[in-house]
Amino acid sequence: MKILVVGAGATGGYFGALLARAGQDVTFLVRPARAAAIRARGLRIAGRGEQWLLTPGLVTADELTGPYDLVLLSVKSTGLDRAIEDIAPAVGPDTAVLPLLNGLAHIDALNTRFGEKAVLGGVAKVVTTLDDNGDIQRLAPLAHLAFGEQDGAVSPRVERIRAVLDGAGIDAPVPDRIITAMWHKWVFITTFGAVTSLMRGTVGEVYDAPGGPSLAPAVLDEAAAIAAAAGHPVPESERAATLAVVSVPGSPMVPSLYRDLAGGRATEVEHLFGDLIDRARALGVATPLLDLATLHLRVHERRIAAEA
Ligand SMILES: NC(=O)C1=CN([C@@H]2O[C@H](COP(=O)(O)OP(=O)(O)OC[C@H]3O[C@@H](n4cnc5c(N)ncnc54)[C@H](OP(=O)(O)O)[C@@H]3O)[C@@H](O)[C@H]2O)C=CC1
Ligand SMILES: CC(C)(CO)C(=O)C(=O)O
């Protein structure tokens with residue numbers, strides 16, 4: 001299977017490296033600065049007691065030809081529009097585009113550009129980040145990529161992709177309804193993001209402060225109410241799994257959104273929060289805590305834009 005990984009960042013770099021290490025035909029679509037850095041240093045994966053180095057196939061947008069069998073799209077939402085145009089030469093009539101982004105609006109954007117048949121849903125669960133050298137640091141042992149056709153069919157191409165991901169050691173379930181799974185990840189990530197960003201602390205720092213334990217369940221109630229109103233109710237097991245991450249004494253956990261906020265970088269505020277509260281308004285769901293988190297992140301965005 002000919003695989004194009006778009007972006008060699010925290011998620012794409014890690015999944016792509018696993019696939020390349022397993023012997024798959026993987027090429028990374030990167031921008032010039034990232035290409036130069038990887039050519040100079042290799043793509044390095046470190047953390048959790050492991051350290052390995054890869055010299056992957058790289059291509060920049062001006063060199064890209066296609067088609068590929070599978071395009072793993074792992075840019076942040078802030079780079080989505082550009083990336084959609086850049087990958088166009090790689091997408092042929094039989095190409096499957098599998099996005100790893102959190103949130104949901106990218107599915108509509110990809111459907112509009114490439115047609116619904118080309119686009120799979122995806123939910124990535126890994127905890128990785130790029131360090132100052134551009135190396136990928138694994139912060140937790142997860143390598144989970146749920147995916148599937150938007151209509152829930154288990155098509156032959158889904159079976160083929162699952163086998164390829166399995167062979168690379170990636171846990172790759174195919175849920176009955178990938179769009180529902182994406183909604184549930186969205187509820188999880190906005191709860192996690194709102195709690196840590198609003199309070200500017202780790203899960204444990206928030207929980208351990210007087211009054212702290214009530215915040216995460218209250219934010220989760222709001223996000224879950226939006227999902228339910230949109231036709232994707234969050235089951236009790238999923239709710240408990242979210243609280244087991246975002247409402248834990250002493251936990252050092254933060255999401256990638258918080259790492260971007262604390263690092264003074266742009267966040268995915270509009271894709272993750274702006275879109276969610278817009279949908280809440282349309283569905284008649286009140287979300288005072290998520291509105292506050294959104295405003296907080298928007299102030300940050302405006303400040304860094306003014307400083308740029
Ligand atoms: N980090 C995590 O643990 C998780 C993140 N996610 C989600 O995955 C998505 C990606 O996040 P993450 O991997 O952390 O982000 P990163 O910023 O680490 O990686 C994104 C990469 O995409 C590259 N890129 C952007 N535009 C283009 C383009 N047009 N062509 C080629 N490369 C491009 C960037 O390269 P450049 O160096 O050129 O800017 C960057 O290296 C987000 O939606 C996030 O919410 C989901 C699960 C876990
Ligand atoms: C919480 C986590 C690591 C789960 O995969 C994530 O999606 C993120 O940090 O953006």
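## A mixed four-stranded sheet

An open sheet is built from four strands, ordered S4-S3-S10-S9, with mixed pairing. Its edges are strand S4 (50–54) and S9, each pairing on one side only. From one strand to the next, the twist averages 20°. The model described here is predicted.

Both senses of pairing can be followed through S3. Strand S3 (residues 43–47) runs parallel to strand S10 (residues 136–138), and two bridges join them. Within that pair, Ile45 has Ile136 of S10 as its bridge partner. On the S4 side, the sense is antiparallel, and S3 and S4 share five bridges. Here Leu43 stands opposite Leu54 in S4.

S3 and S4 form a hairpin with two residues between the strands. Arg48 in this hairpin takes a positive phi near 55°.

Helix H1 packs on this sheet. H1 lies across S3, S4, S9 and S10. Its direction makes an angle of about 105° with S9.

## A parallel five-stranded sheet

A further open sheet has five strands, in the order S5-S2-S1-S6-S7. The pairing is parallel. Strand S5 (57–59) and strand S7 (96–99) are the edge strands, and each pairs on one side only. The twist averages 25° from strand to strand.

S1 and S6 give a detailed view of the pairing. Strand S1 (residues 2–6) and strand S6 (residues 70–73) run parallel and are joined by four bridges. Ile3 faces a residue of S6: Leu70 stands opposite.

## The shell around ligand 1

Ligand 1 has 31 residues around it. Those that come nearest are Gly7, Gly9, Arg31, Gly79 and Leu101.

Which elements supply at least two residues each to this shell? Three helices do: helix H1 (10–21), helix H2 (32–41) and helix H3 (80–87). Strand S9 (128–130) does as well. H1 and S9 therefore recur here, H1 being the helix that lies across the mixed sheet and S9 an edge strand of that sheet.

By residue class, the shell divides into 14 nonpolar, eleven polar and six charged residues.

## Two annotated domains

UniProt, in an unreviewed entry, gives "domain: Ketopantoate reductase N-terminal" for residues 3–149. Over that range the chain is 27% helix and 33% strand. The end C-alpha atoms of residues 3–149 are 18 Å apart.

The same kind of record lists "domain: Ketopantoate reductase C-terminal" for residues 178–298, also from an unreviewed entry. Residues 178–298 are 72% helix and 0% strand. Between the end C-alpha atoms of this range the separation is 29 Å.

## Pro213 and its surroundings

Pro213 sits in a loop, between helix H7 (203–208) and helix H8 (215–229). Is Pro213 buried, exposed or partly exposed? It counts as partly exposed, because 14 C-beta neighbours fall inside 10 Å; a buried residue would need 20 or more, an exposed one 12 or fewer.

Leaving aside residues up to four places away in sequence, Pro213 touches Tyr207 and Ser247. Pro213 and Thr11 are 202 residues apart along the chain. Their C-alpha atoms are separated by 30 Å.

Terms used. Residues are numbered from 1 along each chain as its sequence is written. Chains are lettered from A and ligands numbered from 1 in the order in which they are written. This is a predicted model: local features need pLDDT of at least 70, side-chain atom pairs count only at pLDDT 80 or more; totals for chains, interfaces and linings use all residues. UniProt positions are given in the numbering used here, feature names are shortened, and annotations may be inferred rather than shown by experiment. A residue is near a molecule or strand if its C-beta atom, placed from the backbone, lies within 6 Å of it. Ala, Val, Leu, Ile, Met, Phe, Trp, Tyr, Cys and Pro count as nonpolar, Asp, Glu, Lys and Arg as charged, and the others, Gly among them, as polar. Two strands pair if DSSP finds at least two bridges between them. Axes are lines fitted to C-alpha atoms, for helices over the stretch in contact, and angles run from 0 to 180 degrees between N-to-C directions. Two residues are in contact if their C-beta atoms, placed from the backbone, lie within 7 Å.
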